[in-house]
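Colleague: I should like to go through this structure with you, one point at a time. Please reason each answer through before giving the result.

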Amino acid sequence: ASRMRDLTLELPEVNLALSLHAPNQPMREKIVPSAKGTPIESLIEALDSHMMALTKRKLLENPQEDDKTTDFNIEERQSASKKKRAMIEYVMLVGDTSTIEAAHQLGKLCEGRHLVVNLIPYNKTDVKDKLDCPTEEHMQEFRRIVSSYGSFCSIRRTMGADIAGACGQLVVEQEK
């Protein structure tokens, strides 16, 4: 989160995407072991601050000041989201992170912030794993729930799976 805040100070005009993949800290640590030292709420606040930095110049003028996300009204957020995108990337895997409860948790985490949430269907590879992608219907319901909390949420269209070049699919194939 501190590096995201540094980016906000140095380059407030760039878009920023956060690979989140889980709606809460314990789930995120299971998927992303390096997440142990960074609380999920801190990441979301840093992402939100980045999106709002151009609207609230006070962040650039006084970086030590605690930047409260509740200071921004809905009109300011809508205006900021038209100028710049702050995105969450979320891989859809069958299991705890794609349950209906997880959709509500993710929606609440992003509530009132005008963030963009990209749901990324898991792409199978030849690598032996136990991971799988939820059904299209389930992903649509997950998307609808997250959107109901006010974030723009979409399901990324998969392309390149046939050549192992889809998102999250860059692997080295072993000779058979």
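Modeller: A disulfide is a pair of cysteine sulfur atoms within 2.5 Å. Please bear in mind that this is a predicted model.

Colleague: By this rule, how many disulfides does the count come to?

Modeller: The cysteine sulfur closest to that of Cys110 is in Cys153, at 8.5 Å. This is too far for a bond, because a disulfide requires the sulfur atoms to lie within 2.5 Å. The count of disulfides therefore comes to zero.

Colleague: Is Cys110 buried or exposed?

Modeller: A residue counts as buried when its relative accessible area is under 20%. Cys110 has a relative accessibility of 1%. Cys110 is therefore buried.

Colleague: What is the relative accessibility of Cys153?

Modeller: Cys153 also counts as buried, a term that requires a value under 20%. The relative accessibility of Cys153 is 4%.

Colleague: Let us turn to helix α3. How many of its 13 residues are buried?

Modeller: Helix α3 covers residues 40-52 and reaches 18 Å from its first C-alpha to its last, close to the expected 18 Å. Among its buried residues are Ile40, Leu43, Ile44 and Leu47, and also Asp48, Ser49 and His50. The helix is thus mostly covered, and the number of buried residues is ten.

Colleague: Which element gives the largest share of the largest nonpolar core?

Modeller: This core has 31 residues, and Leu47 and Leu115 are among those that touch the most other members. The elements that give two or more residues to the core include β1, β2, α6 and α7. The largest share, seven residues, comes from α3.

Colleague: Which residues does Leu115 touch, not counting residues up to four places away in sequence?

Modeller: Three of these contacts, Ile44, Leu47 and Met51, are listed among the buried residues of α3. Leu115 also touches Cys110, a residue that counts as buried. The full set is Ile44, Leu47, Met51, Ala86, Ile88, Cys110, Ser151 and Phe152.

Colleague: Which residues form the one aromatic pair, and is that pair stacked, tilted or edge-to-face?

Modeller: The pair links Tyr90 in strand β2 with Phe142 in helix α7, 52 residues apart in the chain. Both residues are buried. Their ring centres lie 5.6 Å apart, with 35 degrees between the planes. Because stacked planes must be under 30 degrees apart and edge-to-face planes over 60, the pair of Tyr90 and Phe142 is tilted.

Key. Residues numbered from 1 in each chain as written. Predicted model: local features only at pLDDT ≥ 70, side-chain atom pairs only at ≥ 80, totals over all residues. Heavy atoms only, no water. Helix = DSSP H or I, 4+ residues; strand = E, 2+ residues; numbered from the N terminus. Expected span 1.5 Å × (residues − 1). Buried < 20%, exposed > 50% of the residue type's maximum accessible area, 1.4 Å probe, protein only. Core = buried A, V, L, I, M, F, W, Y, C linked by side-chain atoms within 4.5 Å. Contact = heavy atoms within 4.5 Å. Phe/Tyr/Trp six-rings, centres within 6.5 Å; stacked < 30°, edge-to-face > 60°.
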